[in-house]
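Me: I'm new to this one. Could you walk me through how to read it?

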Amino acid sequence: MADSIPTLRAWYGGTFDPIHYGHLRAVEALAKEAKLTQVTMLPNNVPPHRLQPGASSAQRREMVELAIAGHPLFRLDARELQRPTPSWTSETMAQLRQEAGPDAPLAFIIGQDSLLTLRTWHRYEDLLACCHLLVCRRPGYPVEMKTEEDRRWLSARLAAHADELHRQPAGKIYLADTPLYPISATDIRARLAQRQPCDDLLPPVVLDYIHRHGLYRSPPDAR
């Protein structure tokens with residue numbers, strides 16, 4: 001009997017300040033399209049390219065835990081929250097690759113906005129050596145990279161079908177046809193600071209946590 005194809009494992013990183021339906025529903029749609037059975041949420045502690053989150057690391061972890069509780073697709077990996085140094089995705093995925101072994105298919109989920117700046121990331125080529133990239137669409141961003149050089153770079157690494165990612169350990173980029181969810185944490189923080197309703201933007205348990213802990217009551221900055 002032939003060996004079965006290893007299951008593709010995926011991680012989804014972010015500040016999740018706060019986690020909302022734009023995160024959760026996009027990943028649920030991606031999981032269905034790419035045949036993922038598990039997605040690990042990877043909240044970061046010290047984002048290298050932006051100001052510090054409004055909620056603490058412990059609060060953001062608790063909000064993620066509340067949002068994914070009882071959902072079999074999701075699990076949590078809090079390793080980046082335990083680091084006092086910047087959360088470089090390439091380093092985290094290198095650690096996960098070492099844990100998984102050389103042959104396991106691994107993927108990291110990003111938004112379309114992150115793909116457009118990927119080649120400015122810290123050791124971005126090392127990231128692709130460790131895992132695939134699954135790209136979710138984001139409203140308001142162009143559908144292709146800015147320069148011809150970047151477009152050639154992307155074209156050489158594109159996977160035409162998600163099944164390709166299940167058959168090899170790393171190195172491919174898959175552009176998912178996920179729905180557009182016009183929800184952002186920045187807008188949510190602004191609405192909360194202005195005492196506007198956010199019931200349709202994030203899970204009720206997360207919204208209740210925010211209110212109980214008095215989060216995001218001051219006007220948001222550029223986080």
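**Cores and sheet**

Reply: Sure, let's begin with the inside. In this predicted model, the largest nonpolar core has 44 residues, and those touching the most other members are Ile 19, Leu 36, Met 41, Met 63, Ile 109 and Leu 134. Helix α1 (residues 21-34) gives this core its largest share, seven residues.

Me: What does Met 41 touch, leaving aside its neighbours within four places in sequence?

Reply: Met 41 is in contact with Tyr 12, Phe 16, Ile 19, Val 64, Ile 68, Phe 74, Arg 75, Leu 76 and Asp 77. There's also a second, separate core of 22 residues, with Met 93, Trp 121, Val 135 and Leu 154 among them.

Me: Now the sheet. How do strands pair, and in what order do the six strands run here?

Reply: In general, sheet strands pair through backbone hydrogen bonds, in either a parallel or an antiparallel way. Here the pairing is parallel, and the open sheet runs β3-β2-β1-β4-β5-β6.

Me: Why is one side of β3 and of β6 left without a neighbour in the sheet?

Reply: Because β3 (74-76) and β6 (173-175) stand at the edges, and each has a single partner strand. From one strand to the next, the twist averages 30°.

Me: How many bridges join β1 and β2?

Reply: Five: strand β1 (residues 9-14) pairs with strand β2 (residues 39-43) in the parallel sense. To see one pair, find Ala 10, whose bridge partner in β2 is Val 39.

Me: And which strands does helix α2 touch?

Reply: Helix α2 (residues 57-68) packs on the sheet and touches β2 and β3. The direction of α2 makes about 155° with that of β3.

Notes: Residues numbered from 1 in each chain as written. Predicted model: local features only at pLDDT ≥ 70, side-chain atom pairs only at ≥ 80, totals over all residues. Heavy atoms only, no water. Pairing = 2+ DSSP bridges. Helix = DSSP H or I, 4+ residues; strand = E, 2+ residues; numbered from the N terminus. Axes fitted to C-alpha atoms, helices over the stretch in contact; angles between N-to-C directions. Contact = heavy atoms within 4.5 Å. Core = buried A, V, L, I, M, F, W, Y, C linked by side-chain atoms within 4.5 Å. Buried < 20%, exposed > 50% of the residue type's maximum accessible area, 1.4 Å probe, protein only.
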